[in-house]
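Me: I have a protein model open. Please show me how to read a few of its features.

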Amino acid sequence: MENKQYTEQELQQLHAVLYDILAEIDRVCREHNIRYFIIGGTAIGVHFFDGIMPWDDDIDIGMTADDYERFMQVAPAALKKGYTLCWPGNEPHTPFYFAKVRKDGTRFVEEVTEGLDMHHGIYVDIFPLNKVPRNGRKERWQRTAAKYLNLAFVCKDAWMLKHCGTPKTSKPYNWNWMFCFIFRLLLSCVSKKTIYNMFWRTLTRYDKAEAEYYNIIVMPLDHIAVSAIDNLDVRRFGQLEVFVPSDLETYLHRHYGNITKYPPKEKRINHRPIELQF
């Protein structure tokens, strides 16, 4: 499904809500001594714009698994009224394994979540980052296992394959009918909670080991040096001061290659939702 582009006014309003949500997350983290750091395209915004990229429509932050689990424990009570922590522990029909803090009274309905019984407010994503094993074979095993467990988790509520169900995406996985059938059959035999627990054990398998990098395990390019997270920097982000991995430019070039402040318009990617309300 092709969504229309944002208007300039919509982006301005959306950015204001995103900054507002991030400020609340930042407040909770500082009060409870929980570390977070800006990642992904949001980090490009920090690097070039001291804020959200003008065409961007989300904010991504990361936490190590220990800090992530602490945030899941304290945030439900610590967040002010008007903000809701959404994650598999309190939202059984979410297709996202990671957490989101959403603004109550807003709507940001995406293709994959349309029709699901869940909070649909504008959100900031919170990703757990885990240590990557130094052994290449173990890294590939971890990433492959995480990839399929994540797909299984999503497909319990939002079918993402071409056959044996109605895909919740315009670009479903193009597996043949037999593989789709076997996958669906296997999913019918295991609960979503069990899949999530298996997935989390896979993500955290090497967190106590010596490692060079943290990573969003299902994203192979998102390596951040352990030293860059152990020694976070503070940078301006809109009216906020936020935490970023030290040596931010190294991380960005590792993840994105050669980055420029204003890429060609066709590469200024965002994902306008099906429904947007402020």
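Below, we go through one residue, the cysteines and the aromatic rings.

Reply: This is a predicted model: local features need pLDDT of at least 70, side-chain atom pairs count only at pLDDT 80 or more, and totals for chains, interfaces and linings use all residues. Residues are numbered from 1 along each chain as its sequence is written, and side-chain values use heavy atoms, with hydrogens and water left out.

Me: Where is N270 found?

Reply: Helices (H or I, at least four residues) and strands (E, at least two) are DSSP runs, numbered from the N terminus. N270 lies in the loop between α8 (248–256) and β11 (275–277).

Me: Is N270 buried or exposed?

Reply: Buried means under 20% relative accessible area, exposed over 50%, and partly exposed in between (1.4 Å probe, protein chains only). N270 has 16%, so N270 is buried.

Me: Which residues does N270 touch?

Reply: Contact means heavy atoms within 4.5 Å. Leaving out residues up to four places away in sequence, N270 touches Q5, Y6, W55 and D57. With W55 there is also a link to the backbone: the side chain of N270 reaches the backbone oxygen of W55 at 2.7 Å.

Me: How many disulfides does the structure hold?

Reply: A disulfide is a covalent bond between the sulfur atoms of two cysteines. The test is a pair of cysteine sulfur atoms within 2.5 Å. The structure holds zero.

Me: Why is C86 without a bond?

Reply: Its closest cysteine sulfur, in C29, is 16 Å away, so that is too far for a bond. C189 is in no disulfide either; the nearest cysteine sulfur, that of C164, is 14 Å away. As for burial, C86 is buried at 5% relative accessibility, whereas C189 is exposed at 66%.

Me: How many aromatic pairs are there?

Reply: Rings of Phe, Tyr and Trp (its six-membered ring) pair if their centres lie within 6.5 Å; planes under 30 degrees apart count as stacked, over 60 as edge-to-face and the rest as tilted. By this rule there are 18 aromatic pairs. One of them is F96 with F98: tilted, 5.6 Å centre to centre, with 45° between the planes. Both F96 and F98 are buried. Another pair, W175 and F183, is edge-to-face, at 5.3 Å and 80°. Here W175 is partly exposed at 22%, and F183 is buried at 12%.

Me: Which residues form one aromatic cluster with F96?

Reply: The cluster is made of F96, Y97, F98, F127 and F199.

Me: Which ring does the charged end of K100 sit over, 4.2 Å from its centre?

Reply: A charge sits over a ring if NZ of Lys or CZ of Arg is within 6 Å of the ring centre and within 35 degrees of the ring normal. That ring belongs to F96. The charged end of K100 also sits over the ring of Y123, 3.4 Å from its centre.

Key:
Polar contact = N/O pair within 3.5 Å; in protein donor to acceptor, adjacent residues only side chain to side chain.
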